[in-house]
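Welcome, and thanks for opening the viewer. Please keep the selection panel at hand, and let us walk through a few stops together.

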Amino acid sequence: MGPVNRRRFLTTSAVAAGAVVLGTGRAGARPAPPVEVAPLGEDFLWGVASSGFQSEGHAPDSNWTRYIAAGKTEDPYLDSVDFYSRYRSDIDLARQLGVRAYRIGIEWARVQPRPDDWDEAGFRFYDEVITAIRGAGMRPVLTLDHWVYPGWQVDRGGWRRAGMVEDWLTNAHRVVDRYAEYEPLWITFNEPAAYLMNEVRHGGIGVTDIPAMQDRLADAHNAIYDHIHRVQPEAMVSSNVAYIPTAEDAVNGAFIGRVGAKLDYIGIDYYYGFSPADVLARIPDPGKLWSLPLQSEGIYYALDHYARRFPGKPLYIVENGMPTENGRPRADGYTRADLLRDTVYWLQRAAADGMNVMGYNYWSLTDNYEWGSYTPRFGLYTVDVLGDPSLTRRPTDAVDAYAAITRRGGVPGDYRPTRAPATCSIVDGLGSCTDQVTVPR
């Protein structure tokens, strides 16, 4: 079986749902498109994103090292892109982009390798990383759980066990107490719905355990939210969702309903968009992420969806990017730089239409271990883990494009996307068909 990852999950869900229902859409007409888009403000958080396990290497015993050892992935882990040893130079690459936020994960397995053993060396690593991020003029965005937990928790039953919440909170309290002084943005659980599906696929839980695990994630989020605000009163806390075209509320609605009162901003991960024409032309293959259709305007629909559900609440694109196959050009000819500029145009359009967009993170600064495979490449800097022992970071065309965007606060006012909006995107159901966004002529 090939690797199953978050983006395969969200794509499969979208295709299945789109074949059945286009959703209910929205009420009211969209504003007319402005002739020029204004730059995003000085407070806007341009950023980059990564996760601990996917990029650090030197991995301690965890659920994921065990999945790999059991042969459930395409590629061996090796040491990924070795952020563990190269964090200073990687953080400097981000600084050169001009970004203001850098997302990392604090790996539970690294700081608590055994039930009663807190590894001070593991904490010192994160001390140094966060200090380097701050020293480079960026704000840390810290993820408490990016799908990885210690091997000893696997032995105890992982998320099948009610006591996992207490153990998880014990670790999270230590992390929050240690790093609150750096005034990070916080993410509790990365993409909860995809976390559930990955645990089912790899055997961490059974299908019948899904409701209990979802409840436990929500309970843990709500509890640590309160603790974060006790030690960092002005904190901003979220749990980012993987946006599912046509089926967002069906997939993520129950969890958001449980934690919505304890979200200071709405974190959204958006990657792919679909239209009926896309699906009819070729059934999307979620095993080949680089072949999936990309609709930059879909990010506008995703933001609009949550702007309507949580009026006025800040919205943050925690992840967005483009996959390629081993760094080769995409078959559709879309370049990483063009998609980035097109996407930023739609962020500026969302802000112009009154949506409270606070930030955008590109996924990811460098290529990494895409949950079982090194074939999908998402990095601004590409790294050939399997073929280049030096793990050289090689810039893609999007590096210069992103640096120009951060300098200007967006794309130029008269920019027009290289691809017009789809005739009928189904990113947000019928609303994106009956009341489609347009670009001025």
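Does Leu294 count as buried or exposed? Select Leu294 and have a look before reading on; keep in mind that this is a predicted model. With a relative accessibility of 8%, Leu294 counts as buried, because the cut-off for that label is under 20%.

**Stop 1: around Leu294**

Show the backbone here, and you will find Leu294 in the loop that runs between helix H12 (276-281) and helix H13 (298-309). Next, bring up the side chains around Leu294. Setting aside neighbours within four places in sequence, Leu294 is in contact with Tyr271, Tyr272, Gly273, Met322, Arg330, Tyr334 and Leu339. For a sense of scale, add Ala132: its C-alpha atom is 34 Å from that of Leu294, and the two residues are 162 residues apart along the chain.

**Stop 2: a charge over a ring**

Stay with Tyr334, one of the contacts of Leu294, and add Arg419. The charged end of Arg419 sits over the ring of Tyr334, at 3.9 Å from the ring centre. For another example, select Arg110 and Phe125: Arg110 lies over the face of Phe125, 5.7 Å from the centre of the ring.

**Stop 3: the largest pocket**

Now select Arg282, Ser291, Leu292, Pro293 and Asp332. Among the 27 residues that line the largest pocket, these lie nearest its centre. The pocket has a volume of about 520 Å³. Colour H12 and strand S9 (324-325) too, as these are the elements that give two or more residues to the lining. If you colour the lining by class, expect twelve nonpolar, five polar and ten charged residues.

**Stop 4: aromatic rings**

How many aromatic pairs does a search of the whole structure find? The search gives 36. For one pair, select Trp46 and Tyr402: the ring centres are 6.2 Å apart and the planes are at 80°, so this pair is edge-to-face. Trp46 is in strand S1 (residues 45-49) and Tyr402 in helix H15 (residues 398-408), so the pair links distant parts of the chain, 356 residues apart. Both partners are buried, Trp46 with a relative accessible area of 4% and Tyr402 at 0% relative accessibility.

For the last selection, take Phe53, Trp64, Tyr67, Tyr77, Trp147, Trp159, Trp168, Phe189, Tyr195, Tyr369, Trp371 and Tyr374. Together they form one aromatic cluster.

Notes:
Residues are numbered from 1 along each chain as its sequence is written. This is a predicted model: local features need pLDDT of at least 70, side-chain atom pairs count only at pLDDT 80 or more; totals for chains, interfaces and linings use all residues. Side-chain values use heavy atoms; hydrogens and water are left out. Helices (H or I, at least four residues) and strands (E, at least two) are DSSP runs, numbered from the N terminus. Buried means under 20% relative accessible area, exposed over 50%, partly exposed in between (1.4 Å probe, protein chains only). Contact means heavy atoms within 4.5 Å. Rings of Phe, Tyr and Trp (its six-membered ring) pair if their centres lie within 6.5 Å; planes under 30 degrees apart count as stacked, over 60 as edge-to-face and the rest as tilted. A charge sits over a ring if NZ of Lys or CZ of Arg is within 6 Å of the ring centre and within 35 degrees of the ring normal. On a 1 Å grid over the protein atoms alone, a cavity is a set of points where a 1.4 Å probe fits but cannot get out, and a pocket is an open set with protein on both sides within 12 Å along at least five of seven lines; lining residues have an atom within 4 Å of a point. Grid points are joined across faces, edges and corners, and a volume is the space filled by probe spheres set on the points. Ala, Val, Leu, Ile, Met, Phe, Trp, Tyr, Cys and Pro count as nonpolar, Asp, Glu, Lys and Arg as charged, and the others, Gly among them, as polar.
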